[in-house]
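Me: I would like to learn how to read charged pairs, a contact between chains and a covered helix in a model. Could we take them one at a time?

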Amino acid sequence: MLESFTWLASWLTYDVFGIETGTKLGNSIHFFIEDTSKIFFLLTLIIFVMGLFRSILSPEKIRTYIEGKPKTVSYFLAVSLGAVTPFCSCSSVPLFIGFVEAGIPVGATMAFLIASPMINEVAVVILGTVIGWELTLIYIITGLLVGMFGGWATDYFKMDRYVEDYVWKIKTGQVIQPTYDTTLIGRILFAWGEVKEIVGRIWTYVFLGIAIGAALHGYVPTGFFAEYASADNWFAVPLAVVSGIPLYSNATGVIPVVEALLGKGVPIGTVIVLMMSVVAISIPEFVILRKVIRIQGLVYFASFLAIAFIFVGYLFNALAM
Amino acid sequence: MKNVKVLGSGCKKCQQTAQVIQDHAEKNGIEIEIEKVTDVAAIMGYGVMSTPGVVVDDVTVHAGSVPTEEQVKTFLARS
């Protein structure tokens, strides 16, 4: 089914626009059309399907799933639930307070917040169709492990001392379960609302990502990255992580760039950690988290993620060789 | 006069929520005053994790979505 997007792109680029095959412009345009049509199609489809089942995955439900579990179990549950929950960073703060207030360790809460933006159904399905399921599986497992390890480190180093004092004083008592319309029509309307809201929020990132990917794909010579970012170039991995810190995009938006870089022969470890760094370490997210965590805590959090990603990058590059 | 609080950090959905309630009240001649609560700690204090939430006369009646006309009718008619 997904080949139809390649056909569509070929037809438009070479027949309708009349661009010659094999030219730089042709390659770029082809990449742009194929990825735009494919990614937006998948994006809409997956968000809609997930929206139909949304009521099982509200943050309130997740809170009750994790509440009162032993620490080690709570890290695992937190990253797994984080991975399947479609989650907007704008709800980080209520979620953080809600979790902490229920007595869930700060570590498990952080594990959830690390895993959630990196891994979600939308990114996973699109990544799978674009770079293949084997690499996608590696991406998922790594993301989960970094999240669990981050949760453990948060508790082990007693990072909860950097949580703002007022957070501990909030007493919500009974949390109100959201009221969802569970009739079929209600679910469809809700799911469609989700599509409009999420696509409306992230489409600029996705477009930008596709444009960058298309430019890389068409105009950067294959030898370029092989020379500067090959696996035996030790600084390529830290450079990828550091350059990802100020950049921010939704996970889906980075995928076209990942696709183009892999196509140019950049090693998998370097590409994966660039993606993780762009998605998981972001200034907008940190500004939001600043409401509940002090600056020092955020610096530790970002440093931990950066170090973990660098380690992951070296490991994968070594395994791939 | 009923006091209605719309809980949410100023997102689009919260404005829609306030609008839906305002429209319904005007249409049916219910006297209300709408107040917006944007402070996260205060919102959590009402037991709401998913915004927008609605509080009528200090009782949380709704959370997690823009309420439908039908839901507004139900919670404004209560108490």
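Me: Which residue forms a salt bridge with Lys5(B), and how far apart are the closest N and O atoms?

Reply: The general idea is that side chains of opposite charge can pair when their charged atoms come close. In this predicted model, the partner of Lys5(B) is Asp58(B), with 3.3 Å between the closest N and O atoms. The two lie 53 residues apart in the chain, Lys5(B) in strand S1 of chain B and Asp58(B) in the loop between strands S3 and S4. Lys5(B) is buried at 10% relative accessible area, whereas Asp58(B), at 54%, counts as exposed.

Me: Which parts of the chain does the pair of Glu164(A) and Arg294(A) link?

Reply: Their side chains meet in a salt bridge at 3.9 Å, N to O, and the pair links distant parts of the chain, 130 residues apart: Glu164(A) sits in the loop between H8 and H9 of chain A, and Arg294(A) in the loop between H15 and H16. Because buried means under 20% relative accessible area, Glu164(A) at 18% falls in that class, while Arg294(A), at 27%, is partly exposed. A search of the whole structure finds 9 salt bridges over all chains.

Me: How many salt bridges are counted between chain A and chain B?

Reply: The count is 1 salt bridge, in which the side chains of Glu197(A) and Lys13(B) meet at 3.0 Å, N to O. This pair crosses from helix H1 of chain B to helix H10 of chain A, and its members are both partly exposed, Lys13(B) at 26% relative accessible area and Glu197(A) at 32%.

Me: What else should I read from that contact, and how much area is buried between chain A and chain B?

Reply: About 1,500 Å² is buried, of which carbon and sulfur atoms give 65%. On the chain A side, Pro94(A), Ile176(A) and Thr179(A) lose the most area to chain B, together 33% of what that side buries. The contact takes 20 residues from chain A and 15 from chain B.

Me: Turning to a single helix, how many residues of H7 in chain A are buried?

Reply: Helix H7, residues 121-131 of chain A, is mostly covered, with 9 of its 11 residues buried. Among them are Val122(A), Ile126(A) and Leu127(A), and what covers the buried residues includes helices H2, H4, H8, H13 and H14 of chain A. H7(A) is followed by Gly132(A), whose phi is positive, near 100 degrees.

Technical notes:
Residues are numbered from 1 along each chain as its sequence is written. Chains are lettered from A and ligands numbered from 1 in the order in which they are written. This is a predicted model: local features need pLDDT of at least 70, side-chain atom pairs count only at pLDDT 80 or more; totals for chains, interfaces and linings use all residues. Side-chain values use heavy atoms; hydrogens and water are left out. Contact means heavy atoms within 4.5 Å. Buried area is the accessible area (1.4 Å probe) that two parts lose on being put together, summed over both. A salt bridge is a side-chain nitrogen of Lys or Arg within 4 Å of a carboxyl oxygen of Asp or Glu. Buried means under 20% relative accessible area, exposed over 50%, partly exposed in between (1.4 Å probe, protein chains only). Helices (H or I, at least four residues) and strands (E, at least two) are DSSP runs, numbered from the N terminus.
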